[in-house]
Amino acid sequence: MKLEKITKKEETRSRRHYEDACAAAHALDLVGERWALLVMRELMLGPKRFSDLRESLPGISANILTQRLEGLEAAGVLTRRKLPPPAPAQVYELTEWGYESEPIFQALGRWAARSPLHDPTLPFSAASFLLSLRTMLDAERAKGLDARIGFRLNDETFLAHLADGRIEIARGPVEGADLIFTGTPPMLAGAIYGGQPLDTLESAGIVKVEGDRALAERFVGLFPLPPKASHRA
């Protein structure tokens with residue numbers, strides 16, 4: 001019986017660890033479990049409650065989400081804390097080291113966007129959409145722009161500052177922004193990445209644009225997608 005327990009423990013460890021000194025292998029030991037990277041993605045724009053994470057990751061079960069949060073916390077990637085009254089809820093947030101992983105998401109996003117098998121019609125969370133803007137922004141096309149752009153996405157609001165060929169985005173009020181987009185992430189992605197005209201989306205009542213119209217038309221053209229990879233060697 002004792003030998004059987006030891007064997008099972010070793011089998012579990014072999015499934016979860018590569019036993020490889022390569023730092024890339026160790027990274028997969030830390031975040032390679034299914035859903036782990038997407039949990040991190042959802043926290044990249046700030047802390048969230050358990051219920052918020054489940055809502056933004058509709059395919060994950062409560063049990064698996066709990067496991068991933070516990071694993072990422074044990075690895076030092078995220079932490080949990082309680083918000084002060086009047087909303088004493090528990091939230092999860094990335095550690096300083098956890099936030100350093102954003103370039104990994106950007107590199108993966110740029111690489112995977114070239115896949116001929118990528119399906120952009122699948123569910124798209126607010127965090128996924130906004131992080132894609134930080135990933136795909138063409139600094140040359142954005143040259144000379146200095147503007148504040150607000151986003152009303154479902155029940156959340158975000159304020160972006162576009163300047164010096166970069167775009168910084170954080171949760172916050174959008175009042176006073178030069179330009180405000182209202183809509184769902186998939187619909188706004190359709191305008192930015194799918195080439196759907198803003199006028200058409202507005203006429204259909206699925207996107208709303210407030211503020212500088214010329215800026216809006218220029219903004220949606222700042223995020224070109226890379227060409228698709230060839231299947232041939």
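With which residue does arginine 152 form a salt bridge? In this predicted model, the partner is glutamate 210, and the closest N and O atoms of the two residues are 2.7 Å apart. The pair links distant parts of the chain, since arginine 152 belongs to strand β4 (residues 147-153) and glutamate 210 to strand β8 (residues 207-211), 58 residues apart. Arginine 152 has a relative accessible area of 26% and is therefore partly exposed, as this value falls between the limits of 20% and 50%. Glutamate 210, at 27% relative accessibility, also counts as partly exposed.

**The chain as a whole**

The protein chain has 233 residues, of which 36% are buried. Its secondary structure comprises 11 helices and eight strands. Taken along the principal axes, the C-alpha atoms fill a box of roughly 70 × 60 × 35 Å. The accessible surface amounts to about 14000 Å², and carbon and sulfur atoms account for 56% of this area.

Contacts across the sequence can also be described. Among those between residues at least 6 apart in sequence, 59% join residues at least 24 apart.

**The nonpolar core**

The largest nonpolar core contains 55 residues, and those with the most contacts inside this core are Phe151, Phe181 and Phe219. Helix α8 (residues 126-136) supplies the largest share of the core, namely seven residues.

The surroundings of phenylalanine 181 can be listed in part. Leaving aside residues up to four places away in sequence, phenylalanine 181 touches several residues, including Ile149, Phe151, Leu188, Leu198, Val209, Phe219 and Val220. Arg152 and Lys208 are also among the residues that phenylalanine 181 touches. Arg152 thus appears both in this list and in the salt bridge with glutamate 210.

**Charged side chains**

The protein chain carries 30 positive and 31 negative side chains, and the centres of these two sets lie 5 Å apart. Side chains of opposite charge can pair when their charged atoms come close. The structure holds 14 salt bridges, three of which are given in the table.

| Salt bridge | N to O distance |
|---|---|
| Arginine 41 and glutamate 42 | 2.7 Å |
| Glutamate 102 and arginine 134 | 2.8 Å |
| Arginine 152 and glutamate 210 | 2.7 Å |

Are the residues of the pair arginine 41 and glutamate 42 buried or exposed? Both arginine 41 and glutamate 42 are buried.

The salt bridge of glutamate 102 and arginine 134 joins two helices. Glutamate 102 lies in helix α7 (residues 102-112) and arginine 134 in helix α8, so this pair ties together parts that are 32 residues apart in sequence. Glutamate 102 has a relative accessibility of 16% and therefore counts as buried, the limit being under 20%. Arginine 134 likewise counts as buried, at 16% relative accessibility.

The pair of arginine 152 and glutamate 210 again connects strands β4 and β8. In addition, salt bridges that share partners join Asp199, Glu202, Arg213 and Glu217 into one network.

**Arginine 68 and tryptophan 35**

Arginine 68 is situated in helix α5 (residues 62-74). With a relative accessible area of 12%, arginine 68 is buried. Which residues does arginine 68 touch, not counting residues up to four places away in sequence? They are Glu33, Arg34, Trp35, Ala36 and Val39.

Tryptophan 35, one of these contacts, lies in the loop between α2 (23-31) and α3 (36-43). Tryptophan 35 has a positive phi of about 85°, although it is not a glycine. At 19% relative accessibility, tryptophan 35 counts as buried because the limit is under 20%.

**Other loop residues**

Aspartate 164 also has a positive phi, of about 55°, without being a glycine. This residue is in the loop between β5 (156-163) and β6 (166-171). Aspartate 164 is exposed, with a relative accessible area of 76%, whereas tryptophan 35 is buried.

Proline 197 occupies the loop between α9 (185-192) and α10 (198-203). At 47% relative accessibility, proline 197 counts as partly exposed. The C-alpha atoms of proline 197 and valine 220 are separated by 9.4 Å, and the two residues are 23 residues apart along the chain. Val220 is also among the residues touched by phenylalanine 181.

Key
Residues numbered from 1 in each chain as written. Predicted model: local features only at pLDDT ≥ 70, side-chain atom pairs only at ≥ 80, totals over all residues. Heavy atoms only, no water. Core = buried A, V, L, I, M, F, W, Y, C linked by side-chain atoms within 4.5 Å. Buried < 20%, exposed > 50% of the residue type's maximum accessible area, 1.4 Å probe, protein only. Helix = DSSP H or I, 4+ residues; strand = E, 2+ residues; numbered from the N terminus. Contact = heavy atoms within 4.5 Å. Areas by Shrake-Rupley, 256 points an atom, 1.4 Å probe, with all protein chains shown as cover. Lys, Arg positive; Asp, Glu negative; His and termini not counted. Charge placed at Lys NZ, Arg CZ, Asp CG, Glu CD. Salt bridge = Lys/Arg side-chain N within 4 Å of Asp/Glu carboxyl O.
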